[in-house]
Amino acid sequence: MGSSVETLEFQAETRQLLRLVIHSIYSNKDIFLRELISNASDALDKLRLESLTDADLAADTSDLHITLEADRDARTLTVRDNGIGMSRDDVVELIGTIAKSGTAGLLQKIKEAEDAAAAQSLIGQFGVGFYSAFMVADRVTLRTRRAGTTAGTQWESDGEGTYDIQAVDGLPVGTSVTLHLKPADDEDGLADYLTEWKIRQIVKQYSDFIRWPIRMAIERTGTDDATTHDIETLNSMKAIWARPRSEVTAAEYSEFYKQISHDWNDPAETIHMRAEGNFEYEALLFVPSQAPFDLFSHESKRGVQLYVKRVFIMDDCEALMPNYLRFVKGVVDAHDLSLNISREILQHDRQIRSVRRRLVKKVLGALKGVQAGDSERYAKLWTQFGRVLKEGLLEDTDNTEALLELVSAESTHDKEKTTTLREYVERMQDGQDAIYYLTGESRTMVENSPHMEAFAAKGYEVLILTDPVDEVWADQVSAFDGHRLQSIAKGQVDLDGPADGAEDTEAGAKRDEEFAALLPWLTATLSDEVKQVRLSSRLTTSAACIVGDAHDMTPTLEKMYRAMGQQMPPVKRILELNPTHPLITALRTAHGANADDPALADIAELVYGSALLAEGGDLSDPARFTRLLTDRLTRSL
């Protein structure tokens, strides 16, 4: 028996908001079942807790579960739980929240939102997941009885102008939500939510790790055409991240990684962590052993899976993992986020930013552990992910030092093995205060660069950086462990020790005097190409090389920006001459004998062009250079 039905009318603003919720908040209508199952799971959690804290509560907690019931004849889908249930006041406050006053302000904000994403983020803060049922149902009926009471309540609405509420006797403890489903409509994204396979699919995708069993009667037809109904549990309830690490085997971790990453290989590193305090969450992260094929594709998905209380929320939560760690796979299960939280809210949530910082430190710490414990395995990881990790040196200033500790690079110290910056510092010569490096397209090009000559002659180690991103981060990072990073293709180089000081000063002054007339003439003759011509201390065998000022952009970086569509002003560089090279001394002598000889200008062009080609640069007029070179060779024969 039940009491008379009380029909209440939604306010005008509330009707508008309800329509907006039904049609705007979710792009995927399947989400409705996730929301209802999540509500049922919360009710079971509450009953379990209250039964432990209230000895007088007469509640059966021996078989807490969720049941799904599909009735094809009536076209209804029911989500039933034997959880805490609700009183009439609870129904009005919780289920009828949307009917409360004060929605006008929220509705006005939504109307003022510039786009659908902004509107969705506002709605997501309101917490109206229950009403997603109206996306797929013409009418929703809720029946409930709270544990410890005898009176039941029924709430029913078509999501339009009114809702009915009445007292109902004889209900079991718990809640049932019955959806009177709309007809299937592929164009509107409405699936047939009464089919077994569709229900299984949604449960598997969104609610597989709910701690309580989700049961459903499955119809089976035997060989004798007899029909039976077997009760099956649809979810695995195996949230591996919620188990203590000591209870999870390596094989289980590997299997779970393959399931979420679709990778055939075992993970290279597993990070299992739990955070307690003001914001509780569990995380299970994996570093793959091999880079995905789309690691550098703009369309590749990144981020880890986000769950809230074991309910799946989104697949690629970018707010939890920076772009340079986009290869990391895994799951974060937060305890205190709203199920309706959107990507827009996540990006600005203080707790999420805190989780992200801790996850990043854990991943970088795990990589550092591999580097310290197994250099061979780390070398393989660096080969796979080194390029993308170095992007972090441009994006993540908070973790610059940790990332620099991870950097591994080729160097002149060993042709076979890479070196870390820490190892380089430990091998630095007495009195050396800089970490020397040179960027280029390949190791061969860098090793044969004229810039290397003096460093090789004096035994200084030089890092060989050949990734495109090296051009940017090496220029941006000022120092490591108190030692500045210096490109040997920039600025002045002084590799002479203190013992050579007086002798070198005297010899240098003499050289400056000998070249006092040639250098200004060359600077003027090549003014379209260079801003200065000076004597070099970095050359031993080559006639000349081109260098930049300490803060100049490198030609390679200039090309990269232009390739990205950014017009960069041309940067004039410096031509350095080897004062002991026969070609340069002969040019000095010829200039001293006849400074007006027109052939000297051609030789100056050839010297500059040769230096440009030696570093892998592009000639502005290759045909002219070839013609000048051919003419000079012809005259020498």
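Start with helix 21, residues 599-614, in this predicted model. Helix 21 lies across three strands: strand 21, strand 22 and strand 23. Against strand 22, helix 21 runs at about 65°.

Now look at the sheet itself. Its three strands form an open sheet in the order 21-23-22. The pairing is mixed. Strand 21 covers 530-535 and strand 22 covers 544-547. Both stand at the edges, and each has a single partner strand, so one side of each is left without a neighbour in the sheet. On average, neighbouring strands here are turned by 25° against each other, direction ignored.

One pairing can be followed in detail. Strand 22 pairs with strand 23, residues 573-577, in the antiparallel sense. Four bridges join the two. Find Ala-544, and opposite stands Leu-577 in strand 23.

Turn next to the nonpolar cores. The largest has 75 residues. Which residues have the most contacts inside it? They are Tyr-281, Leu-320, Leu-325, Phe-327, Leu-359, Tyr-436 and Trp-473. Helix 9, residues 350-373, gives this core its largest share, nine residues.

Leu-359 deserves a stop. Leaving aside residues up to four places away in sequence, Leu-359 touches Met-273, Tyr-281, Ala-283, Leu-285, Leu-320, Met-321 and Val-332. Tyr-281 and Leu-320 appear here as partners of Leu-359, and both also belong to the residues with the most contacts inside the core.

Apart from this core lies another, of 62 residues. Among its members are Leu-33, Tyr-131, Ala-147 and Val-311.

How values were computed:
Residues are numbered from 1 along each chain as its sequence is written. This is a predicted model: local features need pLDDT of at least 70, side-chain atom pairs count only at pLDDT 80 or more; totals for chains, interfaces and linings use all residues. Side-chain values use heavy atoms; hydrogens and water are left out. A nonpolar core is a set of buried Ala, Val, Leu, Ile, Met, Phe, Trp, Tyr and Cys residues joined through side-chain atoms within 4.5 Å. Buried means under 20% relative accessible area, exposed over 50%, partly exposed in between (1.4 Å probe, protein chains only). Contact means heavy atoms within 4.5 Å. Two strands pair if DSSP finds at least two bridges between them. Axes are lines fitted to C-alpha atoms, for helices over the stretch in contact, and angles run from 0 to 180 degrees between N-to-C directions.
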